[in-house]
Amino acid sequence: MTGYLDLQALVQIIGPRFAEGAAERDAGDIFVADHYDVLTQHKVFSALVPREFGGGGVAYRAMCRFLRELAHYCPSTALALSMHQHLVAAAVYNHRQGRPGRKLLERVAASELVLISTGAGDWMESNGLARRADGGFRVNARKPFGSGSPKGGLLMTSAPFEDPDEGWQVLHFAVPFDAPGVSLGNDWQTLGMRATGSQTIVLENVFVPDDAVALRRPRGHFHPAWNVILTVAMPLIMSVYAGIAEAAAAIGTGLAKKRMNDPTVPYLLGELANELTKVQLAIDDMVRLTNDFDVTMGLEVTSPMLVRKTIVADGVLATVEKALEVAGGAGFYRKAGLERLLRDAHGAQFHPLPAKRQQWFTGRIALGLDPIADAA
């Protein structure tokens with residue numbers, strides 16, 4: 001079967017196939033490379049690209065739903081894919097606002113180009129060092145959490161640069177994965193999400209031409225570009241974790257039905273339903289806030305988005321923990337699948353912003369202060 005399909009139909013076809021071998025991939029830290037081949041075949045990487053640029057033209061909320069349902073079968077595939085999709089989503093929004101984005105969207109549509117982000121690890125300060133060179137910069141850096149990097153086509157990253165006149169800046173730029181000096185570390189051995197291929201990307205004296213620099217911003221200061229990135233990224237990413245919570249609840253409920261004579265089971269199932277509903281309400285509202293790109297990005301949207309992100313992250317962990325309790329002793333066995341989902345769910349807390357940073361950010365905005373100044 002080739003060509004683009006409706007995403008909701010597609011996930012029912014590829015999901016069960018992606019679920020096969022999940023335990024083996026998890027145990028061996030094996031990247032889901034063959035899943036990326038299937039996604040390429042069905043033009044999922046260009047699904048969010050507008051039709052006039054050669055893409056699928058699907059709605060943002062449809063992509064969130066697809067990732068959420070795909071996570072029922074393979075959370076690692078869904079999470080790695082969400083990292084590509086949030087870069088595409090940002091380009092779509094920027095294009096609609098009259099800013100650069102079209103060229104990147106056309107490149108994605110032309111070849112199902114896989115985009116890799118290192119934004120979350122870089123945040124305000126970025127890491128590494130960019131030095132001036134003829135016609136551009138030479139960059140040295142180590143960028144962790146590059147989800148999907150074994151299949152990466154274009155790296156979207158940043159590096160600090162000490163401008164002689166303006167002081168420390170952060171340069172945001174794109175680098176092809178086949179550029180000289182780009183390599184991958186063999187360091188993705190983690191608690192969960194083991195098949196995402198999120199190893200460290202190493203840049204050794206990589207040349208970045210001047211025209212590849214898309215943004216220069218003062219280092220250590222919040223830039224309006226983050227409003228766009230956070231607002232379009234978080235619903236996509238957290239949809240994956242909502243899918244994990246739903247999958248865990250289904251497993252726990254199925255195992256609990258084998259203990260229907262246990263008088264505690266109805267109470268536990270009621271608690272599970274409450275925890276899962278919190279997650280579902282919060283993720284649905286995150287998607288609502290983005291409003292299929294019909295929104296003006298600003299702190300008045302970013303802060304509520306991040307509040308809901310924390311609610312989802314906390315709720316996902318509570319839901320999976322409760323699912324394990326509901327399941328009873330049978331859920332303690334790895335073959336039940338809950339153990340792997342519990343480990344994967346812990347990844348939710350590390351996406352921006354972690355809870356304490358979010359609370360600092362939101363609290364400072366409530367006081368009328370800069371959202372990140374003076375933060376360590």
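Reader: Where is the place of Lys43?
Author: This is a predicted model. In it, helix H3 covers 33-41 and helix H4 covers 60-70. Lys43 sits in the loop between helix H3 and helix H4.

Reader: Lys43 has a positive phi, so is it buried, exposed or partly exposed?
Author: Right, phi of Lys43 is about 60° although the residue is not a glycine. Its relative accessible area is 42%. Buried would need under 20% and exposed over 50%, so Lys43 counts as partly exposed.

Reader: What about Trp123, buried or exposed?
Author: Trp123 lies in the loop between helix H7 (119-122) and strand E2 (129-133). Phi of Trp123 is positive too, near 45°, and this residue is not a glycine either. With a relative accessible area of 14%, set against the cut-off of under 20%, Trp123 is therefore buried.

Reader: Which strands are the edge strands of the open sheet?
Author: The open sheet has four strands in the order E1-E4-E5-E8, with mixed pairing. An edge strand here pairs on one side only. That makes the edge strands E1 (115-117) and E8 (213-218).

Reader: In E8, which residue is the bridge partner of Gln169?
Author: Strand E5 spans residues 167-176 and pairs with E8 in the antiparallel sense, over five bridges. For Gln169, the bridge partner in E8 is Pro218.

Reader: At what angle to E1 does helix H5 run?
Author: Helix H5 takes in residues 75-96. It lies across E1 and strand E4 (154-163). Relative to E1, helix H5 runs at about 100°.

Definitions and conventions. Residues are numbered from 1 along each chain as its sequence is written. This is a predicted model: local features need pLDDT of at least 70, side-chain atom pairs count only at pLDDT 80 or more; totals for chains, interfaces and linings use all residues. Side-chain values use heavy atoms; hydrogens and water are left out. Two strands pair if DSSP finds at least two bridges between them. Helices (H or I, at least four residues) and strands (E, at least two) are DSSP runs, numbered from the N terminus. Contact means heavy atoms within 4.5 Å. Axes are lines fitted to C-alpha atoms, for helices over the stretch in contact, and angles run from 0 to 180 degrees between N-to-C directions. Buried means under 20% relative accessible area, exposed over 50%, partly exposed in between (1.4 Å probe, protein chains only).
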